[in-house]
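Reader: Could you take me on a close look at the aromatic rings in this structure, and then at what lies around them? I would enjoy one connected walk through the side chains.

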Amino acid sequence: MIYDKDIREPLFDLLEVKYGKTRILEEKQIGSARADAVMITESDIYGIEIKSDADTYARLSRQVAYYDLYYDYNYVVVGSSHGNHITEHVPDHWGIITVEEIEDGSLDFYFLREPELNPNMDWYKKIEILWRFELAHIQELNDLPAYKNKSKKTVGEMIVDRVPHDVLREQVCMELFERDYDTIAERINAYREANGKKARRRRRYKRRRKKKDVSQ
């Protein structure tokens with residue numbers, strides 16, 4: 001039986017070879033659900049849901065709904081026990097990757113279906129992925145008012161309404177490429193203090209898989 005932990009690293013290596021310059025972030029909160037992994041490319045964000053042979057479809061419909069709100073493209077990666085039925089559980093625009101163990105113990109991945117651009121992505125949800133100081137950088141890049149006293153939600157909506165989405169797609173990805181989880185707490189507090197807000201208590205952030213450029 002293939003488990004989630006067996007799939008992740010070889011899957012991420014495969015995707016990096018396929019897509020070139022990427023960054024993989026694991027266990028990302030989306031609404032009241034959680035994405036197993038998120039892949040950032042230079043212009044798009046891919047949600048990745050893993051269903052190993054040990055998993056069921058019990059929560060999948062709810063997870064699909066959240067993935068579709070936040071990400072440009074989505075993949076579901078399934079163990080061989082799910083291969084015959086997965087098309088019944090995800091929308092037609094989702095990509096499907098199947099995985100099975102071969103005789104030497106390694107894993108064989110097969111792209112059963114390539115993902116199509118997600119027609120349900122909500123820009124007002126997608127912009128929530130960014131931290132407030134990352135939104136501030138996008139405001140600067142586009143010569144937008146600072147609105148330092150406005151909420152993150154209000155600023156995000158203003159950015160979505162004013163920045164052309166083909167430009168914003170790349171800028172959001174750039175921010176996620178540059179995000180440093182080792183220093184993010186300090187950057188958040190530096191932004192808050194610079195804008196007259198109380199610093200937050202230090203939180204521990206899970207270390208993420210580092211970006212890798214295999215395009216050369």
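Author: Happy to; here is a walk from the aromatic rings to the nonpolar cores and then to the charged side chains. Please keep in mind that this is a predicted model.

Let us begin with the rings. Across the whole structure, a search finds 7 aromatic pairs. One of them is formed by Y46 and Y73, whose rings are stacked, with 4.9 Å from centre to centre and 15° between the planes. This pair links distant parts of the chain, since Y46 belongs to strand β3 (residues 45-51) and Y73 to strand β4 (residues 73-79), 27 residues apart. Both Y46 and Y73 are buried.

A second pair to look at is Y75 with F111, and here the arrangement is edge-to-face: the centres are 6.1 Å apart and the planes make an angle of 70°. Y75 sits in strand β4 and F111 in strand β6 (residues 107-113), so this pair ties together parts that are 36 residues apart in sequence. The two rings can also be described by their exposure. Y75 counts as buried because its relative accessibility is 0%, while F111 has a relative accessible area of 22% and is partly exposed.

Now put these rings together. Y46, Y73, Y75 and F111 join Y19 in one aromatic cluster. A lysine also meets this cluster: the charged end of K18 sits over the ring of F111, 4.7 Å from its centre. The charged end of K18 sits over the ring of Y19 as well, at 5.7 Å from the centre of that ring.

From the rings we can move to the nonpolar cores. The largest nonpolar core has 35 residues, and those that touch the most other members are I45, Y71, V90, I127, I159, L168 and V172. Two or more residues of this core come from each of β2 (33-40), α2 (60-70), β4, α4 (132-141), α5 (152-162) and α6 (165-178). Helix α6 gives the most, with 5 residues. To see one of these core residues in its setting, take L168: leaving aside residues up to four places away in sequence, L168 touches W123, I127, I138, I159, V160 and V163. There is also a second, separate core of 17 residues, and its members include I2, I7, V99 and Y73. Y73 is thus a member of the aromatic cluster and of this second core.

Strand β3, where we met Y46, also holds K51. With a relative accessible area of 3%, K51 is buried. What does the side chain of K51 meet there? One partner is E49, with which K51 forms a salt bridge whose closest N and O atoms are 3.5 Å apart. E49 counts as buried too, at 2% relative accessibility. Another partner is Q63, joined to K51 by a polar contact of 3.2 Å between the side chains. Beyond residues up to four places away in sequence, K51 touches T56, L60, Q63, V76, V77, V78, G79 and H82.

Helix α2 brings us to R62. R62 is partly exposed, at 39% relative accessibility. Its side chain reaches the backbone oxygen of S32 at 2.8 Å. Along the chain R62 and S32 are 30 residues apart, with 9.6 Å between their C-alpha atoms. Again leaving aside residues up to four places away in sequence, R62 touches S32 and A33.

Finally, the salt bridges. A search of the whole structure finds 12 of them. E134 and R179 make one, with 2.7 Å between the closest N and O atoms. E134 lies in helix α4 and R179 in the loop between α6 and α7 (184-194), so the pair ties together parts that are 45 residues apart in sequence. E134 counts as buried at 2% relative accessibility, and R179 is buried with a relative accessible area of 5%. Salt bridges that share partners also join D4, R8, E26, E27 and D36 into one network. Within this network, the side chains of D4 and R8 meet at 2.5 Å, N to O. Both D4 and R8 lie in helix α1 (residues 4-19), 4 residues apart, which is about one turn of the helix. R8 counts as buried, at 10% relative accessibility.

Definitions and conventions:
Residues are numbered from 1 along each chain as its sequence is written. This is a predicted model: local features need pLDDT of at least 70, side-chain atom pairs count only at pLDDT 80 or more; totals for chains, interfaces and linings use all residues. Side-chain values use heavy atoms; hydrogens and water are left out. Rings of Phe, Tyr and Trp (its six-membered ring) pair if their centres lie within 6.5 Å; planes under 30 degrees apart count as stacked, over 60 as edge-to-face and the rest as tilted. Buried means under 20% relative accessible area, exposed over 50%, partly exposed in between (1.4 Å probe, protein chains only). A charge sits over a ring if NZ of Lys or CZ of Arg is within 6 Å of the ring centre and within 35 degrees of the ring normal. A nonpolar core is a set of buried Ala, Val, Leu, Ile, Met, Phe, Trp, Tyr and Cys residues joined through side-chain atoms within 4.5 Å. Contact means heavy atoms within 4.5 Å. A polar contact is a pair of N or O atoms within 3.5 Å; within protein, one must be able to donate a hydrogen and the other to accept it, and residues adjacent in sequence count only if both atoms are side-chain atoms. A salt bridge is a side-chain nitrogen of Lys or Arg within 4 Å of a carboxyl oxygen of Asp or Glu.
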